[in-house]
Amino acid sequence: MKKHLLSMAFALGAIFLIPVKGNAQEKNFIDQPYLETNSRVDTLVVPDRIYLGIVLQESDSKGRTSVEKLEQKMAAELQKIGIDIKEQLMLADLSSNFKDYFLRSTDVQKSKAFTLVVYDALMAGKAIKALEGAGISNISFRGAEVSNLDDLKVTMRSKAVIKAKEQARAMVEPLGQTVGKAIYISDLSTEYIPYQGGPRMMMEMAKSDSSEPIDVPFNKVNVQAMVNVKFMIQ
């Protein structure tokens with residue numbers, strides 16, 4: 001009977017020891033002197049991928065130019081200004097539109113949509129100008145982006161952490177203390193604010209009567225990172 005009671009007492013003691021140990025660990029972590037700071041960094045970057053939409057469509061008239069001939073003309077004009085059509089021109093859509101005409105049979109109008117990527121605003125303007133001169137006017141701005149965005153986000157996170165430590169040091173040094181190791185780091189946000197301005201102006205300049213498009217850069221995009229860091233205070 002005594003052995004049985006001793007066994008139960010030992011088991012109960014083991015059960016109660018576990019939370020006591022856990023509470024001690026949690027208390028030690030909370031009691032550490034630490035400083036918490038948030039930091040944000042940002043940078044402006046010029047987009048290096050500019051996308052233009054080009055639609056080729058047969059004209060609704062006798063002797064109309066076929067989509068195939070328009071495509072050949074488009075390729076020739078783009079190559080003249082130094083564009084690699086194999087790398088920079090992509091087929092986006094191919095369709096045939098059926099339209100009914102009064103007192104005549106149904107006609108078929110074929111169309112092809114392409115996406116052209118160029119690497120700066122000046123070349124975008126040259127492409128629009130060249131295509132306009134060849135009678136291809138259905139051109140639109142599709143967007144702009146930064147090609148090395150992922151690498152840039154990593155760099156911005158590193159800079160945000162460095163700034164956080166500088167902020168922490170500035171806060172504790174007047175107290176005669178120093179910043180210790182980081183005990184917590186959180187990536188609060190890494191944002192990319194996409195390009196929003198200027199395509200209409202670029203399109204108008206390219207279609208103007210000037211001999212060459214004006215080299216006006218695109219608005220820069222904003223890439224920013226924000227982190228939260230807790231440092232030990234020594």
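The paragraphs below lead through a predicted model of a protein, from its overall make-up to its helices, strands and cores.

The protein holds six helices and seven strands, and from the N terminus on these elements follow the order α-β-β-α-α-β-β-α-β-α-β-α-β. Of its 234 residues, 33% are buried, while the accessible surface comes to about 15,000 Å², with 55% of that area belonging to carbon and sulfur atoms. When contacts between residues at least 6 apart in sequence are considered, 83% of them join residues at least 24 apart.

A good place to begin is helix H5, which covers residues 149–172. With 24 residues at 1.5 Å a residue, H5 should span 34 Å, and its end C-alpha atoms lie 35 Å apart, which agrees with that expectation. The buried residues in H5 are Leu-149, Leu-152, Met-156, Ala-160, Ala-164, Ala-168 and Val-172. An α-helix has 3.6 residues a turn, so residues three or four places apart point the same way. The cover over the buried residues of H5 includes strand S1 (34–45), strand S6 (179–193) and strand S7 (221–233).

These strands are also linked to one another through S7. Strand S1 pairs with S7 in the antiparallel sense over 12 bridges, and within this region Leu-44 has Asn-222 of S7 as its bridge partner. Strand S6 likewise runs antiparallel to S7, to which 11 bridges join it, and Glu-191 stands opposite Gln-224 in S7. Because 12 of its 13 residues are buried, S7 is largely enclosed by the rest of the structure.

The nonpolar cores come next. In soluble globular proteins, nonpolar side chains tend to be buried together. The largest nonpolar core here has 22 residues, and those with the most contacts inside it are Ile-54, Leu-56, Met-74, Leu-78, Leu-116 and Leu-131. Two or more residues are given to this core by each of strand S2 (49–57), helix H2 (67–80), strand S4 (107–118), helix H4 (121–133) and strand S5 (139–145), with the largest share, five residues, coming from H4. One member of the core, Leu-56, can be followed in more detail: leaving aside residues up to four places away in sequence, Leu-56 touches Val-67, Leu-70, Glu-71, Met-74, Lys-110, Ser-111, Lys-112, Phe-114 and Ile-136. A second core, separate from this one, has 19 residues, including Val-45, Val-146, Val-172 and Val-223. Of these, Val-172 has already appeared among the buried residues of H5.

Methods
Residues numbered from 1 in each chain as written. Predicted model: local features only at pLDDT ≥ 70, side-chain atom pairs only at ≥ 80, totals over all residues. Heavy atoms only, no water. Helix = DSSP H or I, 4+ residues; strand = E, 2+ residues; numbered from the N terminus. Buried < 20%, exposed > 50% of the residue type's maximum accessible area, 1.4 Å probe, protein only. Contact = heavy atoms within 4.5 Å. Areas by Shrake-Rupley, 256 points an atom, 1.4 Å probe, with all protein chains shown as cover. Expected span 1.5 Å × (residues − 1). Pairing = 2+ DSSP bridges. Core = buried A, V, L, I, M, F, W, Y, C linked by side-chain atoms within 4.5 Å.
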